[in-house]
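Colleague: I would like to go through this model with you, label by label. Please tell me what stands behind each one.

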Amino acid sequence: MNDEDFMREAMTLAREAAVCGEVPVGALVVRGGEIVGRGFNAPISRHDATAHAEIMALRDASANLGNYRLPGCTLYVTLEPCAMCAGAIMHARIGRVVYGARDPKTGVHGSILDLFAETRLNHHAEVEGGVLAEECGRLLSDFFAARRGRTLIA
């Protein structure tokens with residue numbers, strides 16, 4: 001599987017979030033070509049502000065691998081990480097982050113700032129954005145349009 005294949009899998013998780021009434025963001029942790037963690041946004045249903053897709057995927061991977069450190073792993077997420085998720089990614093020692101759509105309101109890989117490039121931090125992940133960005137962005141825009149009661153033309 002390649003980056004686009006894994007991103008499509010993350011998009012499937014994002015759709016699960018939408019079905020639950022959550023903002024549709026999905027994430028996976030991959031090590032050696034194998035998915036070791038999955039997650040999707042669940043702050044509303046879990047009553048937990050930290051239940052972002054990335055955090056849920058990191059928790060799942062950590063439980064599955066028996067370690068909170070995840071070196072050699074790649075995190076795939078449909079939306080540019082926020083500051084909280086970037087911090088968790090760094091603490092988990094994720095080696096690579098691949099995301100889909102940019103987040104102009106809370107994204108920290110250059111949208112509002114770039115935490116991943118902050119030299120004073122002690123861990124740095126390789127980050128690649130824009131993988132299936134249009135499709136990932138469409139999941140979000142369709143979700144919010146439906147919430148506003150608008151019908152979209154495909």
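Modeller: We will take the labels in turn, bearing in mind that this is a predicted model.

Colleague: Start with helix H1. How do you know that its span is close to the expected one?

Modeller: H1 covers residues 3–19, which is 17 residues. From its first C-alpha to its last it reaches 25 Å. At 1.5 Å a residue, 24 Å is expected. The two values are close.

Colleague: Which residues of H1 are buried?

Modeller: They are Asp3, Phe6, Met7, Ala10, Met11, Leu13, Ala14 and Ala17.

Colleague: Why do you say that the buried residues of H1 line one face of the helix?

Modeller: Look down the axis of H1. The buried residues fall within an arc of 165 degrees, so they line one face. Their cover includes strands E1, E2, E3, E4 and E5, and also helix H5.

Colleague: What is found at the start of H1, and what comes just after the helix?

Modeller: At the start, a side-chain oxygen of asparagine 2 comes within 3.0 Å of the backbone nitrogen of glutamate 4. A pair of this kind counts as a polar contact within 3.5 Å. Just after H1, glycine 21 has a positive phi of about 85 degrees.

Colleague: Now phenylalanine 6 and tyrosine 76. What makes this aromatic pair tilted?

Modeller: The ring centres are 5.1 Å apart, and the planes meet at 35 degrees. Stacked needs under 30 degrees and edge-to-face needs over 60, so the rest count as tilted. The pair also links distant parts of the chain: phenylalanine 6 is in helix H1, tyrosine 76 is in strand E3, and 70 residues separate them.

Colleague: Why is phenylalanine 6 called buried?

Modeller: Its relative accessibility is 4%. Buried means under 20%, so the label fits. Tyrosine 76 is buried too, with a relative accessible area of 4%.

Colleague: The structure holds two aromatic pairs. Why is the pair of phenylalanine 143 and phenylalanine 144 called edge-to-face?

Modeller: Their planes stand at 80 degrees, with the ring centres 5.2 Å apart, so the pair is edge-to-face.

Colleague: Are phenylalanine 143 and phenylalanine 144 buried or partly exposed?

Modeller: Phenylalanine 143 has 11% relative accessibility and counts as buried. Phenylalanine 144 has 33% and counts as partly exposed. Partly exposed lies between the 20% and 50% limits.

Colleague: How do you know that histidine 109 is buried?

Modeller: Histidine 109 has 18% relative accessibility, so it counts as buried. The residue lies in the loop between E4 and E5. Among its contacts are Glu80, Tyr99, Asp114 and Phe116.

Colleague: And what makes isoleucine 55 buried?

Modeller: Its relative accessible area is 10%, so isoleucine 55 is buried. It is found in helix H3. It touches Thr50, Met84, Cys85 and Ala88, not counting residues up to four places away in sequence.

Colleague: Last, the largest nonpolar core. Which of its residues touch the most other members?

Modeller: Of its 41 residues, these are Met7, Leu28, Val29, Ile94 and Phe116. H1, E1, E2, H3, E3, H4, E4 and H5 each supply at least two residues of the core. H1 gives the largest share, six residues. As for isoleucine 94, its contacts include Val29, Leu58, Leu70 and Ile89.

Definitions and conventions: Residues numbered from 1 in each chain as written. Heavy atoms only, no water. Helix = DSSP H or I, 4+ residues; strand = E, 2+ residues; numbered from the N terminus. Expected span 1.5 Å × (residues − 1). Buried < 20%, exposed > 50% of the residue type's maximum accessible area, 1.4 Å probe, protein only. Arc of directions from axis to C-beta. Contact = heavy atoms within 4.5 Å. Polar contact = N/O pair within 3.5 Å; in protein donor to acceptor, adjacent residues only side chain to side chain. Core = buried A, V, L, I, M, F, W, Y, C linked by side-chain atoms within 4.5 Å. Phe/Tyr/Trp six-rings, centres within 6.5 Å; stacked < 30°, edge-to-face > 60°.
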